[in-house]
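Here is a short briefing to read alongside the structure. Take a moment to find your bearings, and then we can walk through the sheets together.

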Amino acid sequence: MQQHIDSYDFKGKKAIVRVDFNVPLDENFNITDDTRIRAAMPTLKKVLAAGGSLIIMSHLGRPKKVDPKFSLKHIVAHVSECLGVPVAFAEDCQKADAEVAALKPGQALLLENLRYYAEEEGKPRGLAEDASDEEKKAAKAAVKESQKAFVKKLASYADCYINDAFGTAHRAHGSTALIAAYFPNDKMFGYLMEGEIKAIDNVLKNAKHPFTAIIGGSKVSSKLAVLENMLEKVDNLIIGGGMGYTFVKAQGGKIGNSLHEDDLIPQALEILAKAKEKGVKIFVSQDTLIADAFSNDANTQVVPSGEIPEGWEGVDAGPKSLVTWEEVILASKTLLWNGPVGVFEMPNFANGTLKIAELLAKATENGAYSLVGGGDSVAAVTRMGFAKKVSYVSTGGGAMLEALEGKLLPGIAAVQE
Ligand code: AMP
């Protein structure tokens, strides 16, 4: 049975906590953004304050073998500083018995990178490129078999398990999906995970209407499942960014050299037809800022979205689109935003995306619930200083996308079931 972190008795217990400390490091191994470390602190501090001790586990990067470049030793000092207690380090996550035995209430231990072991992901490594299907199958079966012992070892260190790693909740890995089974009555979510789950429920299960989703980004293909799931939930769907041009082309518009996916045109038409059937209003940009090169210094002009000349490409939403979207957004009671509506990395094409951030903040101030998910949208609200002015900013890119597709994430399911 799932427990709650606020009511669980941690006194004298060892808690093994899966966090997402996959932080960016520079060439000297300095942390360039510690958001993920700070995000886990409420959970970690809670366990220590309640008289427990911590065994913290995470992955860092995508090592394919033991590789000092991806060692979590680089972050021990910073984690200690954030936590306010010295954090011990176990150089091998599978050989930490001595360090674990030495842990006293109020103390913390960080395990070395879980992904030094293929068993964490449960995928074979080092297979020859010309390996036969049979060899691949055998290697997969072997790693799945040794994964059991890997997970059992991690579980043996602790009395209870906390998953606070939303960023990896969509991965069915040893430390996210399998370990929970060893703690049938002593498993729970951390505060970060709980916040993310609540935010997702607020839009997917308990949305107040009108509900508007703003889905942008580069490709329809990467967000097709999100668009399809949104059709079941929303009143309005704003489709912006590069993916919008596939929809414009599908409806017979001329899109010049704009980003698009011809093979997704049937799906785009299907989405438009389904929306009509369900009474969902779809808003694709009416006008577009176009550029004669994919460069911040390119020549630009604004044209109707279906009249983009050859040699030009759409790079941002136009002013008329933004006026329409503004009306829709400000009239909404629930808002979900994922993906930029233009090439916002280039300052001259960032206007639309920054405007969406501003409108979400304004709608939230007026009482709407707003969830922002996905790296670029999060960057946009942060850049505008609006991160605290929207209701929730998600810390998970891929995990949030899969949740918005309507999938139950393995890391969440394992604790709930
Ligand atoms: P995604 O990862 O699918 O959310 O896409 C984000 C990327 O989409 C960002 O790097 C944007 O620069 C890009 N993007 C947004 N609008 C456009 C556009 N009109 N043309 C090309 N790329 C775009």
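In which sense do β1 and strand β7 pair, and over how many bridges? In this predicted model, β1 and β7 (residues 187–189) run parallel and are joined by two bridges. The protein chain is divided into domain 1 (14–189) and domain 2 (205–397), and the C-alpha centres of the two domains lie 36 Å apart.

**The seven-stranded sheet**
- This open sheet follows the order β1-β7-β6-β2-β3-β5-β4, and its pairing is parallel.
- At its edges you will find β1 (2–3) and β4 (87–90), each pairing on one side only.
- Where β1 meets β7, Gln3 stands opposite Met188.
- Helix α1 (residues 35–49) packs on the sheet and touches β2 (14–18), β3 (53–57) and β6 (160–163), with its direction at about 155° to that of β3.
- Helix α2 (residues 76–83) lies across β3, β4 and β5 (108–111) and runs at about 150° to β4.

**The six-stranded sheet**
- A second open sheet, also with parallel pairing, has the order β11-β9-β8-β16-β17-β18.
- β11 (281–284) and β18 (392–393) are the edge strands, each with a single partner, so one side of each has no neighbour in the sheet.
- Strand β17 (residues 369–372) is joined to β18 by two bridges in parallel, and Leu371 stands opposite Tyr392 in β18.
- Helix α12 (residues 351–365) packs on this sheet, touching β8 (211–215), β16 (334–338) and β17, and its direction makes about 155° with that of β16.
- Helix α13 (residues 375–383) lies across β16, β17 and β18, at about 110° to β16.

Definitions and conventions: Residues are numbered from 1 along each chain as its sequence is written. This is a predicted model: local features need pLDDT of at least 70, side-chain atom pairs count only at pLDDT 80 or more; totals for chains, interfaces and linings use all residues. Side-chain values use heavy atoms; hydrogens and water are left out. Two strands pair if DSSP finds at least two bridges between them. Helices (H or I, at least four residues) and strands (E, at least two) are DSSP runs, numbered from the N terminus. Contact means heavy atoms within 4.5 Å. Axes are lines fitted to C-alpha atoms, for helices over the stretch in contact, and angles run from 0 to 180 degrees between N-to-C directions. Domain bounds come from an automatic or database domain assignment.
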